Structures are given as C-alpha cells and as structure tokens.
Amino acid sequence: MSLLQVKDLTASYVIGRHKVRVLDEVTFDLKPSEKMAVVGESGSGKSSLALILARLNNKALIVERGEVLYKGLNLLNLKESELTKFRGVDIAVILQNPSTALNPLYPIGDQISEALRAHGYSRNEAFREALKLLERVGLSEPAKAYRKYPHQLSGGQKQRVAIAIAIALKPKLLIADEPTSALDVSTQAQIIALLKKLVEEDGTSMIFITHDIGVAYDISDKILVMFNGNVVEVGLTKEVVKKPLHPYTKHLISSAILNPAENRLLEVTPENTRSNNGLKNKLVVGCPYVFRCPYKVEGLCNVSKPGNFLIDGRIVSCHLYGGRK
Amino acid sequence: MSNNVRSALVKAFNLSKYYRVSLSMFKKTLLKAVDNVNLTINEDEVLGLLGESGSGKTTLGKMLVALEEPTSGKILFNNEDLKEYVRKRRIDIQMVFQNPDTSLNPRMRVGEVLQEALEASNFNGDYSDEVERLLNDVGLDSTYKHYYPHQLSGGQKQRVAIARALAVKPKFLVADEIVSALDASVKMQILKLVIKLQKIYRFSMLFISHDLPTTVYVSDRISVMYSGKIVEEATKEELIKDPLHPYTRHLIASIPSLYSSLFNGKAQKLKDVSNELQATTPVGGCKLFSRCPYATEICKALEPPEVSVSKTHKVFCHMYVR
C-alpha cells in the first residue's frame with residue numbers, strides 16, 4: 001500500500017502568453033517510511049515537483065494533467081481550506097534556505113509552538129513540546145535556545161529549527177527541498193545524519209530533493225532521476241549508483257565522482273555549453289536527452305519519446321532498453 | 001606534475017589579518033581571520049586552499065592579490081614586495097570570484113568585457129580576433145561575444161569570467177570557490193576547463209574551496225585551513241594516502257560516502273561545534289582543542305608546532321611531535 005502515488009503529473013510555467021513545460025508525465029509512488037531522493041540538475045523540474053506535491057505552487061505554475069494521490073485522495077482537487085488540515089500533520093516541508101523560512105521578528109521557540117498551537121495544543125503543552133523538539137534536533141540548552149531570534153543562530157542551527165517545525169506534528173510525509181545545499185560540508189553531514197535519524201525514529205516517509213548524488217546516496221532507499229522535466233530512471237539507490245542504466249544517470253554519476261588520478265590526462269571534451277537553453281520552449285518530440293546523449297540512434301531517439309521499461313525492478317526511460325513506444 | 005624543482009612565485013611570511021568587531025556598544029574584540037600563516041606557491045603550480053566558511057580562506061586569497069591589506073606579515077611576489085609589484089604590473093595577478101552574476105557588468109556584452117581586459121594589458125593586435133580566441137579557449141563559440149550576461153547560464157558566465165582573467169595572461173590566478181555555485185555536471189566541465197587552461201597558460205593558481213574532492217581533483221598541493229590557521233599542508237598524493245591532522249580527517253568523514261572511498265579508512269569525526277564547546281576553547285592552545293578526540297593537556301596550553309613529516313608534508317599538531 002503506497003502512501004503517495006503520483007500519476008502522469010504534467011505541469012507548466014505560464015510566462016506571459018507562453019507556456020513552458022516543466023514536468024512531463026511524472027509518475028512514481030512512495031511507500032510508508034520510504035526515503036526517496038529526487039536528483040537532477042538545476043532546471044530539471046525537481047523543485048517544481050516539490051512545490052506541487054506540497055500544493056505550494058503559485059499561479060504561474062499550473063498543473064495540466066495528472067494526479068497526486070495521498071492515501072488515495074487527490075490532493076490537487078482540494079481547496080485551500082481543506083489543505084490546512086493536511087499541512088503539518090500529514091505533509092510537511094523543509095526548504096533550502098532557512099534564513100527565509102523563519103520569521104526574523106519572533107523568537108524561534110514561538111515559531112515552533114505556533115505550528116503546534118495551530119493544531120490544538122494549549123499554550124503550555126506547545127511550550128513543553130517545543131522544548132523537547134529543540135532538544136531532539138540537537139540544539140543545546142533548549143530553554144535558552146527557545147528565546148533566541150533567527151539572526152542569533154548559524155545557518156546549520158537555523159536549519160535545525162526549520163526541521164523542528166516540520167517534524168513538530170509527526171507528519172507522515174516530509175518533503176525536503178535541498179535542505180543542505182546552502183550549508184558547509186561538515187554542517188551538511190550533521191544535518192543529513194539528523195534528518196535520517198528523525199525520519200527513521202518517527203517512521204516518516206521522505207522525499208529528499210538534491211542535485212548532489214552523493215548526498216542522495218547517503219540518505220535515500222530509492223532514487224528518482226529527473227532530466228528536463230522527465231523521470232528518466234527510478235530504482236533502489238544502491239543499485240542505481242552501482243549500475244546506472246540511463247545514459248543521463250551514467251553521466252551524472254561519472255561527473256560527480258572525481259578521480260584525481262585522471263586529472264592530468266587532459267581529456268577535455270567539447271562541452272555542451274548550449275545545454276538546453278531555449279530548448280524547453282519547444283515541445284520536444286523525441287527523447288528529452290537526445291541532444292546530449294552519446295548513445296543516440298538517429299531516426300529513433302529524435303523522433304519518438306521512449307516509454308518506461310522495467311529492467312531488474314527498475315524503471316528506465318530510454319530506447320536502449322526497448323523498442324518503439 | 002613534473003618532479004623538477006619549481007621556483008617560488010608567491011611567498012607569504014607570518015601573514016595575519018585581524019578585524020575589529022563590536023560585540024556591543026563598548027565591547028570590541030579582535031577577530032583573527034588569518035593568523036600567522038606561511039605559504040608558498042610555486043611557478044606553474046596549483047595550490048588548493050581548503051577550509052569551511054569562516055576559516056579565513058577568502059581573506060587569505062584577497063591578501064595575496066593585494067585586495068586586502070595584511071595587518072602584519074609580508075608577501076613576496078616574484079621576489080619583490082607584493083605592493084611594489086602591484087604598482088608596476090597589477091595585471092599579472094588576477095582573481096575569479098564565486099558568483100559570476102556579481103562579477104560581470106550586466107550592461108556590457110561579453111565581447112566588450114573581454115576587450116576591456118585586453119585594453120588594460122599591453123596587447124597590440126586585432127581585438128576582435130583575440131576575443132574570439134579567448135572565447136574559444138573557454139569552450140564558447142564566437143557568437144557569444146554579442147550576448148549580455150543575463151542571456152547566459154551560470155556555467156557560461158563563469159567561463160566568461162575565467163576568459164576575462166586570462167585575457168591579460170596573468171602569472172598568478174586566485175580562484176575563489178569558482179564552482180560552488182554550479183551544478184554537478186557543469187562543475188565538472190568548469191574544473192576540466194580550468195585544468196586544461198592551466199596547462200596551456202602555465203599560470204600559478206590558488207584554488208580556494210570548501211569541497212575536498214574538488215580540491216584534490218584540481219590541485220598539486222593542498223593546504224587545509226581551520227580558524228585562520230593552516231593545519232596541514234601536503235601534496236595531493238600524500239593527503240590522499242596519509243591525511244594526518246584530526247581536522248583533515250574530520251573533513252574526510254564529512255563528505256558523502258560515495259566520494260570518500262578514495263580516502264579509505266582515514267575518516268574520523270570531530271565533535272560538533274556548539275556554544276559550550278566554543279566557550280572552552282583555550283586562548284593560547286590549539287583551536288581544535290574542545291572538538292578533538294585526541295586532545296591532551298599540552299593542546300590546551302600550547303599552540304601546536306609545525307611538524308615536518310616529509311619534505312612536502314607539514315602538519316600542525318602536538319600528536320606528531322616526537
């Protein structure tokens with residue numbers, strides 16, 4: 001039984017009279033207490049996916065087709081007033097930049113208890129629970145920390161507060177959008193360890209969005225690789241990293257792991273400086289990766305979009321692994 | 001990476017930079033951003049400077065390009081005092097910054113940006129040809145000279161910033177976190193580009209970064225900085241094989257496990273920074289005292305001395321004193 005099912009989710013940004021496709025038939029499901037990483041480069045649509053799943057998308061980002069089923073209920077059909085009941089209790093969000101996620105005018109403790117009070121805690125209960133949460137996310141001397149303002153905390157500490165707010169009501173699903181990208185390496189390692197511990201203790205499912213496949217490797221059970229709004233590969237993290245199937249996943253992994261021995265080989269390929277600039281506006285007929293793919297087959301990859309093929313329990317969207325759709 | 005002896009291009013002796021910061025209206029304190037650092041960068045060499053935010057690596061970089069005045073200490077460039085040298089030939093020393101959005105003029109086309117740099121040097125040839133050649137060197141075709149920065153992606157903008165720095169054929173380049181703002185695959189392209197260009201132009205480079213795998217990939221030698229001090233300095237090979245300082249090992253333990261396989265078994269986590277720990281950091285002793293699992297009484301009392309493990313490998317830690 002899955003907790004979250006996303007089916008054929010297709011969305012676009014509306015810019016003036018133009019529409020730019022940002023998600024193209026995104027499909028996946030997430031089981032209870034499963035940790036899934038979404039990886040892809042900037043512009044691949046991973047943050048837009050997070051926004052839509054949390055229903056935090058503004059008017060410029062519209063869903064054209066598809067369903068987001070949370071325990072069988074389509075979140076996309078809910079009104080804002082109905083969503084409030086889900087927020088915090090069922091679905092919580094952690095954003096990349098904790099400085100903008102916290103209110104600079106209130107002590108951090110009050111911001112945690114606010115989340116609790118909105119869901120029926122009394123002032124006293126909320127205060128006591130907030131102290132416990134501060135301790136759980138590893139802030140020393142909770143009573144002192146409660147009264148601190150965001151500007152008195154470091155980036156890592158602020159992210160800990162944001163995590164405390166997100167987990168306050170023990171949500172079933174936590175959506176974390178690049179929560180460590182703005183942090184230092186050693187702080188990043190601490191936050192990842194903390195998040196992993198907390199979701200495992202509470203049995204929370206997590207969707208962890210990152211551009212760093214190394215971070216994804218440490219935190220997730222399952223990985224979803226996105227390119228240009230399309231899901232190109234889904235599988236168990238350990239297996240995908242060990243043996244990537246889709247050409248883009250292969251590229252992503254090989255460019256992430258730097259081997260200093262090869263540094264002096266002077267093998268510099270003519271790079272894809274044009275990448276996908278300007279391509280997004282056009283509706284691509286063939287495979288979204290065709291412009292960069294070293295294995296592309298003329299007359300096939302540039303003409304038809306690959307279907308989803310099931311290979312060793314993994315979903316791969318590439319013509320190398322099947323025929324025409 | 002040849003083994004013949006290279007002569008020193010940049011030498012820093014006992015370099016310090018202190019800032020006065022106000023704690024309250026009456027209380028002021030000295031922030032030692034860079035504290036008594038000795039550093040040598042040889043000709044045709046890439047020195048990696050590794051450290052977390054606040055370790056003073058950018059301040060050190062800025063002093064080496066004469067953008068910051070040191071509080072004390074001395075910098076020699078080409079065996080001359082840096083200040084004197086800069087007065088004569090500023091263009092030999094260039095810097096590329098982290099964020100190309102703020103380092104490129106939004107109102108100038110790429111071609112104009114590069115031409116302006118050429119005009120500042122003693123270049124006398126056809127500007128337009130040279131601009132195209134420069135663009136070509138950084139992997140952009142000549143049509144890009146008509147573009148404005150906002151029409152380019154982050155990676156492309158960083159390429160332009162690199163081309164501008166190289167337009168004047170510098171002897172020394174400081175690259176301050178040039179790939180930190182970029183995506184994984186673009187990052188790889190820029191790293192390869194920088195390595196290639198270094199081989200063509202043969203400049204010396206200080207590569208500042210907080211990312212251990214990136215630094216190891218690009219550099220010949222690496223200096224690790226913590227809290228204003230250099231704690232370990234070694235060649236790339238030595239640092240991979242035998243990282244000695246507890247802080248270096250902590251950095252290894254902090255990188256995602258996928259990338260740390262290179263440094264097998266040398267990872268060792270330090271205690272997390274917290275307020276109580278910071279308060280117990282001794283004034284005279286080792287900066288890492290309160291976080292270090294190996295700390296002893298001597299670490300509290302005395303600043304760690306320099307220990308030479310090999311000709312090229314230095315570590316500042318009491319553990320290795322024999």
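Reader: Before we start, what counts as buried here?
Author: Buried means under 20% relative accessible area, with exposed over 50% and partly exposed in between (1.4 Å probe, protein chains only). This is a predicted model, where local features need pLDDT of at least 70 and side-chain atom pairs count only at pLDDT 80 or more, while totals for chains, interfaces and linings use all residues. Side-chain values use heavy atoms, leaving out hydrogens and water.

Reader: OK, how much of chain B is buried?
Author: Of its 322 residues, 54% are buried.

Reader: And what's the radius of gyration of chain B?
Author: It's 21 Å, which agrees with the value near 20 Å for a compact globule of 322 residues. That radius is taken over C-alpha atoms, and the globule rule is 2.2 Å times the number of residues to the power 0.38.

Reader: How many helices and strands in chain B?
Author: Chain B has 13 helices and 12 strands. Those are DSSP runs numbered from the N terminus: H or I of at least four residues for helices, E of at least two for strands.

Reader: Switching to the interface: how many residues of each chain are in contact?
Author: 41 from chain A and 46 from chain B, with contact meaning heavy atoms within 4.5 Å.

Reader: How many salt bridges across it?
Author: The rule finds zero between chain A and chain B; it wants a side-chain nitrogen of Lys or Arg within 4 Å of a carboxyl oxygen of Asp or Glu.

Reader: Which helices of chain A supply residues to that side?
Author: Helix 7 (155–167), helix 8 (185–202), helix 9 (213–219) and helix 11 (247–256) each supply at least two residues.

Definitions and conventions: Residues numbered from 1 in each chain as written. Chains lettered and ligands numbered in written order.
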